[in-house]
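Here are my comments on the model you sent, set out as numbered points. Please read them with the structure open beside you.

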Amino acid sequence: MRNSNPAIALAAVIALAAAPAGATPSPGPEPRLPDRVTLVYTADVGGYLEPCGCSEDQRGGLARAATVLSRIRAEGAPTFFVAGGDLLFEVPPDAEAHDQDVLRARTLGAVMRRLGLAAAVAGERDLFLGERFAQSAGIPFTNGTVLGGGLGFGALGKVPPAPVRVAVVHAGGTRAALARVDEARRAGIALLLAAHRERLIDDDQDRAVLEAKVPVVQVSGRGQSLARVDLWLRGDLSRPFAVLPGASQRDEELALVAERRAAYAERLARARSAGQAPLATALEAKLRELEARERELSAAPLPEPPPDRPALRVSFVPLTKDIPEDPAIRGMIDAHYREVAAVNLARARARGEACPPPAKGVPSYVGAGASKGACRACHPDAQSHWQTTAHAAAYETLVRAGRQFDLACVRCHVTGWKEPGGACGVAQVAGREAVQCEACHGPASAHVRDPPGHLSREVPATRCLSCHTPEASVRFDPARYRARILGPGHGQPSK
């Protein structure tokens, strides 16, 4: 991975040639700006080093981001990696996870330095542990700075004078940024970068509002994508930048055409089925028109920037699983997991954590779904089928990834986390490993003593959603996923 400082690179491009040793510098022409500068933008990372891995199609990961940045820098234009706020934390660290959250924030800071982060505007989530900690994490937070002498960057209202000025609005994402475009235009801002949502998953979209008086760019949170903005510094830089459509905008239009084509195809099938020949003929013509438009869009090259005025193009790079991981960053993240495991396990053993006692008359967990648990005696078919499901392997997936002592993961991979009779801590999970029967049907102590009652036979979707969150299960559908765990003796007739 390229480890050069982009600020130094741009400074070298625009600086005057060095005078001979001992010579007195003489006045010369104004330094010449490069023809193109590339900004790469992230925000609202919330401490996510990478997705949790619970779904195959999860986007994100700093090791993938490193690969993308290396590819962009290899194109040769001065490249600046910048960030809005809310990088270090998603929520305030609580007492139990404090040490892990601190380690993660420090690792994120170290990785961002390795990625060559040039500047970032701090958000309130970065300050959960105070300004001193935020500074110690190594993120180059700033209210406003000039990157290499040609590009001003900072919070709106605090961007210093520079030939080109880019501002961050850290308050409410795209909507809040659009409310301040007039202010930005008066201040000579060329581009607004939106950041901060009440929750990281709110309005979690890559978005470019290019028709605004000042273009606004928002990138999805939790490090799922990078926004790329190419700036051509041509002609009179006081003029508004010409906004060029990019690959992302073309892909959006192609998606709309495909959606319309699918809708017309459904209407055509219904018309043919109903024997409506004239309507079918009209729909066939419309489909041919849409197909031609799709071919035209796919084949058309992106427009070239004008030679005599500034221009910009916005695109997004989703960090999908087909992007290879940078080995050095992968190593830093893996080292972090090993450190977290050692710290959490030592802490749990030292404290001897215990679950709270059950309230009078309230059932507790008994580990009834384990391979030799109490469920098998009465429900052998259901138990045998459970062992074929992903629920039965939930804890083992953490072990294989070295994450079984990770407090961000373990609660959804064991049964009865922190509940009476359940898994009481990362060192106290014996007999409660994996998503056992009780995880869905509720604590079974009363049911074991007095079957067949005292148990929830029907499982509400809300119980599933406590772990199958939008972050962990990208396209979770309760009905579709429930079908995967049904089988003989478990929602279906026994063998």
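1. Is phenylalanine 89 buried or exposed, and what is its relative accessible area? In this predicted model, phenylalanine 89 is buried, and its relative accessible area comes to 1%. Phenylalanine 128, by contrast, is partly exposed, with a relative accessible area of 30%, a value that lies between the limits of 20% for buried and 50% for exposed.

2. Aromatic pairs come next. Three of them turn up when the whole structure is searched. In one, the ring centres of phenylalanine 89 and phenylalanine 128 lie 6.3 Å apart and the planes meet at 45 degrees, so this pair counts as tilted. Because phenylalanine 89 belongs to the loop between strand 2 and helix 3, while phenylalanine 128 belongs to the loop between strand 3 and helix 4, the pair ties together parts that are 39 residues apart in sequence.

3. Phenylalanine 89 also pairs with phenylalanine 133: the centres of these two rings are 5.9 Å apart and their planes are at 35 degrees, so this pair is tilted. Here the link is again between distant parts of the chain, since phenylalanine 133 sits in helix 4 and phenylalanine 89 in the loop between strand 2 and helix 3, with their positions 44 residues apart. Both phenylalanine 89 and phenylalanine 133 are buried, and ring pairs join Phe89, Phe128 and Phe133 into a cluster.

4. Helix 3, which covers residues 98–114, comprises 17 residues, and the 24 Å from its first C-alpha to its last is close to the 24 Å expected at 1.5 Å a residue. Its buried residues include Val102, Leu103, Leu108, Val111 and Met112, and also Gln100, Asp101 and Arg104. These buried residues pack against several elements, among them strand 1 (36–42), helix 2 (62–73), strand 3 (117–120) and helix 9 (327–351). After helix 3 comes glycine 116, which has a positive phi near 80 degrees.

5. Helix 2 has twelve residues that should span 16 Å at 1.5 Å a residue, and because its end C-alpha atoms are 16 Å apart, the two values agree. This helix is mostly covered, with eleven of its twelve residues buried; among them are Leu62, Ala65, Val68, Leu69 and Ile72, as well as Arg64 and Arg73. The cover over the buried residues of helix 2 includes strand 1, strand 2, helix 3, strand 10 (225–232), strand 12 (311–318) and helix 9.

6. Two cavities of 30 Å³ or more are found in a search of the whole structure. The largest has a volume of about 60 Å³, and its lining includes Leu62 and Ala65, together with Met112, Thr42, Phe81 and Leu319. Both Leu62 and Ala65 are among the buried residues of helix 2, and Met112 is one of those in helix 3. Sorted by character, the lining of the largest cavity has eight nonpolar residues, three polar and no charged.

7. The second largest cavity holds about 50 Å³ of space. Glu96, Asn344, Arg347, Ala348, Glu353, Leu407 and Val426 form its lining, which divides into three nonpolar residues, one polar and three charged. Charged residues therefore deserve a separate look when the two linings are compared, as the largest cavity has none in its lining and the second largest has three.

Note on methods: Residues are numbered from 1 along each chain as its sequence is written. This is a predicted model: local features need pLDDT of at least 70, side-chain atom pairs count only at pLDDT 80 or more; totals for chains, interfaces and linings use all residues. Side-chain values use heavy atoms; hydrogens and water are left out. Helices (H or I, at least four residues) and strands (E, at least two) are DSSP runs, numbered from the N terminus. The expected span of a helix is 1.5 Å times one less than its number of residues. Buried means under 20% relative accessible area, exposed over 50%, partly exposed in between (1.4 Å probe, protein chains only). Contact means heavy atoms within 4.5 Å. On a 1 Å grid over the protein atoms alone, a cavity is a set of points where a 1.4 Å probe fits but cannot get out, and a pocket is an open set with protein on both sides within 12 Å along at least five of seven lines; lining residues have an atom within 4 Å of a point. Grid points are joined across faces, edges and corners, and a volume is the space filled by probe spheres set on the points. Ala, Val, Leu, Ile, Met, Phe, Trp, Tyr, Cys and Pro count as nonpolar, Asp, Glu, Lys and Arg as charged, and the others, Gly among them, as polar. Rings of Phe, Tyr and Trp (its six-membered ring) pair if their centres lie within 6.5 Å; planes under 30 degrees apart count as stacked, over 60 as edge-to-face and the rest as tilted.
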